[in-house]
Amino acid sequence: MPDQIAWGPKRKGQFIDYLSSELIDAIAARDPLLQQWLRWLSQYTAPANQGEKNFPYQGAANFTLPLTATDVDQLFAKFVQTVHAPEDLWTITPMNERWVETAKPLQDLLTWLDRNLLKMFNVNQRVILEMTKLGTAIYKTGWDYQRYPTLTYDPTGRVVKAEKIRGLPFVDHVRLADFLMPAYSYAIQPDTQGGAPWVGERIRLTPTRFRQWATSRSPFLPDVDSADLELIIKFTESGATDYDEYVRKQEREVAGAKLPSSESQQWDKSSDQMTGQTGSGTGGTRIMREIELWEIHARANTKSDSSEEDIIVWYHQPTMKIVRGIYNPYAHGQRPYDVVRYFPGEGFYGIGVCQQKEVFQQMASDMYNFNWDNVLLVNSRMVVAKAGSNIAPGEPFYPNKVWIVDDDVSKAFNVFPMADIYPSLPLIQQDIRALGERRTGISDIQLGNIQELPGRTPATTMLSLLQEGNRRPDLTIKGLRYEGLSTVGLRIIQLLQQYASAPAQGGPDVGGEALMQLAVQTLGMPEGHEVAQKLLMPMEDAALGIGVSITATSGSANKEVERQGFTALLQLATALYPQFIQAVSLAAQMPGTPVADVALQSAHGLQELFKRLLEQYDIRNTEELLALTPQTEAAAASGQGAIPPPGAGPGPAGGNPGANGVDPLQALLAGLGGAV
């Protein structure tokens, strides 16, 4: 169980005063940036209904071209497809000889966790979309433990009381609007250059969920004091955050659509009568009462001025209460947040496509509207009439209208166009589009449009253009590869190593041991034994023995490199198999001689190198591709025929049924415990 903070005399009050003022300053400093994020999200949406425009005339064109969305959608699809194109999201490389046999099983374990528990595809979709739009996104990696009473069925079908227990690693996306740090800091981790003395995450819970959260984390986290619990529940927020309100409004009013008139009137009436309980926007939606907490990760003096400790506190700002305070429970010693950026900026926040495209979308939309108005005005005519020409003031005219005049028509009327044709408008619009493409690096080639290329373009030229166009997106992939997403993979291994070995080291069991037992069953033998030995009885930190990186390399090279790699591997295997046959034949012809020993040792060494190469190519069923089996080697050494291998092999990749026929994975996810 993590140690609760042992505050020195007056230290808790001083820290609360410091934290309260820091939160107020940070929220105020971040508010202009939050409003800018909302404008960028509106820029991406580019709703069709922009209202009526009065210049240069009433009802002039007022369209917004979705240029930002065009580039964001293309880059989002490229990043997600590139990251998740390989079968394994993460690749593990051994850094010393002690982890050579464990690297590939650990990689398989991460893949199994990804598919069954972490669901990284869903997490990465949210992270990459926000990163591409706003330039920055935040991962959070930690250990989730819950224990609370529930109802279940016993073997006879009766409903009985039971205790639900879940202890699993998690990876989640923290929205930028819910992440806070001081304006004077440039990094999340305190030991890096410009590191923040504290970072915070906004958490909102309903009162019922808050009660459960306050008492269901022991022994992983201490319970909340009952007096503080009852006091805080009285303070609920009267509305959603600005970010949540914008998102809900966008979902309710897609392209300017409104609720049906009868429902809208009903909700508006409800909003007037129930102020503070329902929203007062155009759609009028009910707002759920929630309690707002800040999860603060700080480095502070809790005992004396001579030392600082890394602490985690859950802080309620309206009551200035620390709901729960502990020292950092994670053995890796880092804060559980990792940042990824689309393009690096001068400070903490990166530069996104919305920021890059903002001025160009506005300019292109204006030029498009001007061009639209010019087409309308050029094809419209104004009439000049002589006084007394039988035309009333403000009289409309329309096709087939008959004008009755007494004077000569040519003298009484004259028609002239409302505007002239300006061929420069489309040219300026093309120039703006070209400048926008240079800013973001997304052109027609990246969008799959090759109409503007000259005819009979060589394939090598096209490939070069594609590779050149992928330079900027590949920079973002490298950021994911060397920092954010790769660090997330390493943190998962470190969390498994810490909490799986906790019971053996005298600590509480918070679900890590059961998860490792299931992992051993899934990986089979001997892979499961290798992983269990490193994680259940750790002799060194995993960060010292392995390197974790995402498997994806670049947006353009993945498929081509994979195809060429397998072609080269096939050629190598074709050359190696005859050598195995020659070595085994030589050993079988001369059993018990030094020549046979050298031949078998050469074949064994060659196969070991081939096996490591296959693992680098991420070949899972290496046993089916390796030519030299232990039975064949023993038979060749004795001069006998090859003994057929037994049918037993590694366990399946999926879940194994338990003794009662229940899948242990489903039991782990459901958190089913024994009857009380």
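Which strand gives the most to the lining of the second largest pocket? Strand 3 does, with 8 residues. I will start from that pocket, then go to the sheet, the cavities and a few single residues. Please keep in mind that this is a predicted model.

First, the pocket. The volume of the second largest pocket is about 1,000 Å³. Its lining is made of 43 residues, and those nearest the centre are Lys-140, Phe-170, Asp-172, Glu-201 and Ile-203. Several elements each supply at least two residues of that lining. On the helix side these are helix 3, at 100-118, helix 5, at 207-215, and helix 7, at 242-252. On the strand side they are strand 2, at 136-153, strand 3, at 159-174, strand 5, at 198-205, strand 6, at 291-300, and strand 7, at 309-316. By class, the lining of this pocket divides into 22 nonpolar, 15 charged and 6 polar residues.

Now the sheet, since strand 3 comes back here. Strand 3 belongs to an open sheet of 3 strands, in the order 3-2-9, and the pairing is antiparallel. Strand 3 and strand 9, the latter at 337-341, are the edge strands, each pairing on one side only. On average, neighbouring strands of this sheet are turned by 25 degrees against each other, direction ignored. As a reminder, strands of a sheet pair through backbone hydrogen bonds, either parallel or antiparallel. Between strand 2 and strand 3, which run antiparallel, there are 16 bridges. To give one pair for the viewer, Gln-146 has Arg-166 in strand 3 as its bridge partner.

Next, the enclosed spaces. How many cavities of 30 Å³ or more are there? The count comes to 2. The largest cavity has a volume of about 60 Å³. Strand 6 and strand 7 are the elements that give two or more residues to its lining. Strand 7 gives the most, with 3 residues. The lining residues of the largest cavity are Gln-189, Pro-190, His-297, Ala-298, Asp-310, Ile-311, Ile-312, Asn-328, Gly-333, Gln-334, Arg-335 and Pro-336. In classes, that lining has 5 nonpolar, 5 polar and 2 charged residues. Strand 6 and strand 7 also each supply at least two residues to the lining of the second largest pocket.

On to single residues, starting with two threonines. Thr-68 sits in helix 2, residues 67-83. Is Thr-68 buried or exposed? Thr-68 counts as buried, because its relative accessibility is 0%. Its side chain makes a polar contact with the side chain of Gln-361, at 2.6 Å. The second threonine, Thr-522, is in helix 15, residues 512-523. Thr-522 has 6% relative accessibility and so counts as buried as well. Here the side chain reaches a backbone atom, the oxygen of Leu-518, at 2.9 Å.

Helix 15 also leads to a peptide bond to look at. The loop between helix 15 and helix 16, the latter at 527-536, holds Pro-526. The bond from Met-525 to Pro-526 is cis, with omega near 5 degrees.

Then the ends of helix 1. Arg-11 is in helix 1, which covers residues 11-45. With a relative accessible area of 15%, Arg-11 is buried, because the cut-off for that class is under 20%. What lies 293 residues from Arg-11 in sequence and 8.1 Å away in space? That is Ser-304, with the distance taken C-alpha to C-alpha.

In the loop between helix 1 and helix 2 we find Ala-46. Ala-46 is not a glycine, yet its phi is positive, at about 50 degrees. Ala-46 is buried, given its 13% relative accessibility.

Lys-119 is another residue with a positive phi that is not a glycine, here about 55 degrees. Its place is the loop between helix 3 and helix 4, the latter at 120-134. Buried or partly exposed, which is Lys-119? Lys-119 counts as partly exposed, because its relative accessibility is 41%, whereas Ala-46 counts as buried at 13%.

To close, back to where I began: strand 3 gives 8 residues to the lining of the second largest pocket, and strand 3 is also an edge strand of the open sheet.

Methods. Residues are numbered from 1 along each chain as its sequence is written. This is a predicted model: local features need pLDDT of at least 70, side-chain atom pairs count only at pLDDT 80 or more; totals for chains, interfaces and linings use all residues. Side-chain values use heavy atoms; hydrogens and water are left out. On a 1 Å grid over the protein atoms alone, a cavity is a set of points where a 1.4 Å probe fits but cannot get out, and a pocket is an open set with protein on both sides within 12 Å along at least five of seven lines; lining residues have an atom within 4 Å of a point. Grid points are joined across faces, edges and corners, and a volume is the space filled by probe spheres set on the points. Helices (H or I, at least four residues) and strands (E, at least two) are DSSP runs, numbered from the N terminus. Ala, Val, Leu, Ile, Met, Phe, Trp, Tyr, Cys and Pro count as nonpolar, Asp, Glu, Lys and Arg as charged, and the others, Gly among them, as polar. Buried means under 20% relative accessible area, exposed over 50%, partly exposed in between (1.4 Å probe, protein chains only). A polar contact is a pair of N or O atoms within 3.5 Å; within protein, one must be able to donate a hydrogen and the other to accept it, and residues adjacent in sequence count only if both atoms are side-chain atoms. Two strands pair if DSSP finds at least two bridges between them. Axes are lines fitted to C-alpha atoms, for helices over the stretch in contact, and angles run from 0 to 180 degrees between N-to-C directions.
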